[in-house]
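Colleague: Can you take me through the charged residues and one of the loops here?

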Amino acid sequence: MDNIACGGDTGVFAHGRNALELVLMRQLGAGWERVLSWTTLGGWKCVRGMEWEGEEGKQMLADAEKCQCDHALDLERGVPFGVIRKGWAADIIALEGLVDGDFGEFKKAVERASFVMKGGRVYKRDGQACDG
């Protein structure tokens, strides 16, 4: 499979437990590189709106990266995500452990996120939940 989205609005996992989705994909045989790409830029490519396609979409990306967007800061569709780049939504996690190890090491690492930031707001620091 070339590209799928994971780690987003999974719906069936309790808040903070959506790492299970990554673990299951890895357990089913996907490489760690592919799983992590599906949670980042690959995810955005799957769920972005059609307005990000074609020449108009390329211009929107260029404008976002210059922070010259005329669209509202709507993290659901109005701001690209998936890479750390100026003008893109700041969704970042820090993991403890080996993501490039065997399945067990990958599982431990993704289940132990010590830092979580979404939309530029910190929700977890030093393994503890924050107000955001």
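Modeller: What follows covers salt bridges, a charged patch and a loop glycine.

Colleague: What should I know about the model beforehand?
Modeller: It is a predicted model, in which local features need pLDDT of at least 70 and side-chain atom pairs count only at pLDDT 80 or more, while totals for chains, interfaces and linings use all residues. Residues are numbered from 1 along each chain as its sequence is written, and side-chain values use heavy atoms, with hydrogens and water left out.

Colleague: How many salt bridges does the structure hold?
Modeller: There are 4, a salt bridge being a side-chain nitrogen of Lys or Arg within 4 Å of a carboxyl oxygen of Asp or Glu.

Colleague: Which residue pairs with Glu 53?
Modeller: Arg 48 does, with the closest N and O atoms 3.0 Å apart.

Colleague: Is Arg 48 buried or exposed?
Modeller: Neither; Arg 48 is partly exposed, because its relative accessible area is 24%. Buried means under 20%, exposed over 50%, and partly exposed in between, using a 1.4 Å probe and protein chains only. Glu 53, at 33%, also counts as partly exposed.

Colleague: Where do Glu 55 and Lys 58 lie?
Modeller: Both are in helix 4 (residues 54-65), 3 residues apart, which is about one turn of the helix. Helices (H or I, at least four residues) and strands (E, at least two) are DSSP runs numbered from the N terminus. The side chains of Glu 55 and Lys 58 form a salt bridge at 3.5 Å, N to O. Glu 55 is exposed at 60%, and Lys 58 is exposed at 53%.

Colleague: And what about Lys 107 and Glu 111?
Modeller: Their side chains meet in a salt bridge of 3.1 Å, N to O. Both residues sit in helix 5, 4 residues apart. Lys 107 is partly exposed at 31%, as is Glu 111 at 33%.

Colleague: Changing topic, where is Gly 97?
Modeller: Gly 97 is in the loop between strand 1 (92-95) and helix 5 (103-111). With a relative accessible area of 53%, Gly 97 is exposed.

Colleague: What does Gly 97 touch?
Modeller: Leaving aside residues up to four places away in sequence, Gly 97 touches Ala 109 and Arg 112; contact means heavy atoms within 4.5 Å. The C-alpha atoms of Gly 97 and Ala 113, 16 residues apart along the chain, are separated by 9.5 Å.

Colleague: Where is Asp 102 found?
Modeller: In the loop between strand 1 and helix 5. Asp 102 is partly exposed, with a relative accessible area of 47%.
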